[in-house]
Amino acid sequence: MPEKVVKICHTIMENDSFKSAAKDLLKLLSNTQKQKPNKPRILYVNINGHRNKAGGYDQEMYKLQMEYGRKFLIQFFEEIHFPLYSMKNVSYQNNDIPEKLKLEVNDEEE
């Protein structure tokens, strides 16, 4: 029988920044790992607002999806689903979740 998958769903609201959204996603991931250790995980993210004049996502939410999601978050999930793309992890799910996040925001580290 296949192992059950833990689905994590999160909606980023219009007033959320890149920094707050990234931290929220990491906190959800960390809490899930504590509650359901090493279970396969799938992330689903919705984004409300955050549109530019051309109708695409603003710079912060584009960066969250394309850089943070694809280059960092994917390693901790079996799959991730953002409005701009869906992606499967081609490697094993990393269950060593960092406690804190180092973000470069305007050339400063948080």
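Q: How do you know that the span of H1 agrees with its 18 residues?
A: Happy to walk through it! In this predicted model, the 18 residues of H1 at 1.5 Å a residue should span 26 Å. The end C-alpha atoms of H1 are 26 Å apart, so the span agrees with the expected one.

Q: Why is threonine 32 called buried?
A: Buried means under 20% relative accessible area. Threonine 32 has 11% relative accessibility, so threonine 32 counts as buried. Threonine 32 sits in helix H1, residues 18–35, and the buried residues of H1 also include Phe18, Leu25 and Leu29.

Q: What do the buried residues of H1 pack against?
A: Their partners are strand S1 (6–12), strand S2 (41–47) and helix H2 (59–72). For threonine 32 itself, leaving aside neighbours within four places in sequence, the contacts are Val6, Ile8, Pro37 and Arg41. The C-alpha atoms of threonine 32 and valine 6 are separated by 8.1 Å, with their positions 26 residues apart along the chain.

Q: What makes glutamate 79 and lysine 88 a salt bridge?
A: The cut-off is a side-chain nitrogen of Lys or Arg within 4 Å of a carboxyl oxygen of Asp or Glu. The closest N and O atoms of glutamate 79 and lysine 88 are 3.9 Å apart, so the pair meets that definition. A search of the whole structure finds one salt bridge.

Q: Why is glutamate 79 called buried or exposed, and which is lysine 88?
A: The limits are under 20% for buried and over 50% for exposed. Glutamate 79 has a relative accessible area of 18%, so glutamate 79 is buried. Lysine 88, at 59% relative accessibility, therefore counts as exposed.

Conventions: Residues numbered from 1 in each chain as written. Predicted model: local features only at pLDDT ≥ 70, side-chain atom pairs only at ≥ 80, totals over all residues. Heavy atoms only, no water. Helix = DSSP H or I, 4+ residues; strand = E, 2+ residues; numbered from the N terminus. Buried < 20%, exposed > 50% of the residue type's maximum accessible area, 1.4 Å probe, protein only. Contact = heavy atoms within 4.5 Å. Expected span 1.5 Å × (residues − 1).
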